[in-house]
Amino acid sequence: MMQSDAFATALPRERLAELVDALVENGWYVGEDFIPAELCAELYQELGAMADQEALDAAGIGRGQEHALRRDIRGDAIRWLDRESQARRRYLEAMGELQQELNQALFLGLFEYEAHFAHYPPGAFYRRHLDSFRGRANRVVSTVGYLNPDWPDDGGGEMVIFDAEDPEREVARVRPQAGTFACFLSDSVPHEVLPTRLPRASIAGWFRRNASLGGLVDPAR
């Protein structure tokens, strides 16, 4: 496992190369112990406090005028990630390094990163979907960092990744265990979250291209 201060300043080159190669070859990557346990614990505590204080918002589907709450499709509650704590800053700084690596290695032109905490109460799920649609949005690469320690085998809540060419074929099932990090192409990799038996904690994020029009900077969300 990488050390926490290494994560805050420079992601290990071998893990970055592994991630980039997997994106090119498969369109997705899953790495265990990618996020250090100490950082996961801090973020997990912060999200737990937000849930206890009812400081999370019900997540919807769609953006802008198409945004709607559909609990039959998605049951998590969210809070957009800011830099108000050291742990959140460290996570965002690490994603900034990953953004730089993806731009240098794959010439993606990623403009910024947006992310939110995601809390799934028992029974919640997220039906199969894409995070972006070709030609319609500017999310390019999606990320999920998992925060729950000691996730049991029967806890449910796995993220299922499907084949980009055959959306009915499952290619990976990601256990939401603290430290695991998933990364995939937003507009071509279908995925879903299976019903969870326990409260499930994660950070979902997206690297985006700039879709500004008429001199106005494209808003983050």
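Me: What is the crossing of helix 2 and helix 4 called, left-handed or right-handed?

Reply: Right-handed. The label is left-handed if the near helix is turned anticlockwise from the far one by less than a right angle, and right-handed if clockwise. This is a predicted model, in which local features need pLDDT of at least 70, side-chain atom pairs count only at pLDDT 80 or more, and totals for chains, interfaces and linings use all residues. Residues are numbered from 1 along each chain as its sequence is written, and side-chain values use heavy atoms, with hydrogens and water left out.

Me: Why are helix 2 and helix 4 called oblique to each other?

Reply: Their axes cross at roughly 55 degrees and come within 11 Å. Axes are lines fitted to C-alpha atoms, for helices over the stretch in contact; angles run from 0 to 180 degrees between N-to-C directions. Under 35 degrees is roughly parallel, over 145 roughly antiparallel, 65 to 115 roughly perpendicular, and the rest oblique. So the pair is oblique.

Me: Which residues make the contact of helix 2 with helix 4?

Reply: Arg13, Leu16, Leu19, Val20, Leu23 and Val24 in helix 2 meet Leu98, Glu101, Leu102, Ala105 and Leu106 in helix 4. Contact means heavy atoms within 4.5 Å. The set holds nine nonpolar, no polar and two charged residues. Nonpolar covers Ala, Val, Leu, Ile, Met, Phe, Trp, Tyr, Cys and Pro; charged covers Asp, Glu, Lys and Arg; the others, Gly among them, are polar.

Me: What makes strand 1 and strand 2 edge strands?

Reply: Each pairs on one side only. They belong to an open sheet of seven strands, order 1-9-6-11-4-3-2, with antiparallel pairing. Strand 1 spans 28–31 and strand 2 spans 57–58. Strands (E, at least two residues) and helices (H or I, at least four) are DSSP runs, numbered from the N terminus.

Me: How do you know that strand 1 and strand 9 pair?

Reply: Two strands pair if DSSP finds at least two bridges between them. Strand 1 and strand 9 have four, in the antiparallel sense. Gly31 stands opposite Phe181 in strand 9.

Me: What lies across strand 1?

Reply: Helix 2 (residues 13–26) does, and also across strand 6 and strand 9. Helix 2 runs at about 145 degrees to strand 1.

Me: What order does the open sheet of four strands have?

Reply: The order is 5-10-7-8, with antiparallel pairing. Strand 5 (126–129) and strand 8 (170–174) are its edges. Strand 7 and strand 10 pair over three bridges.
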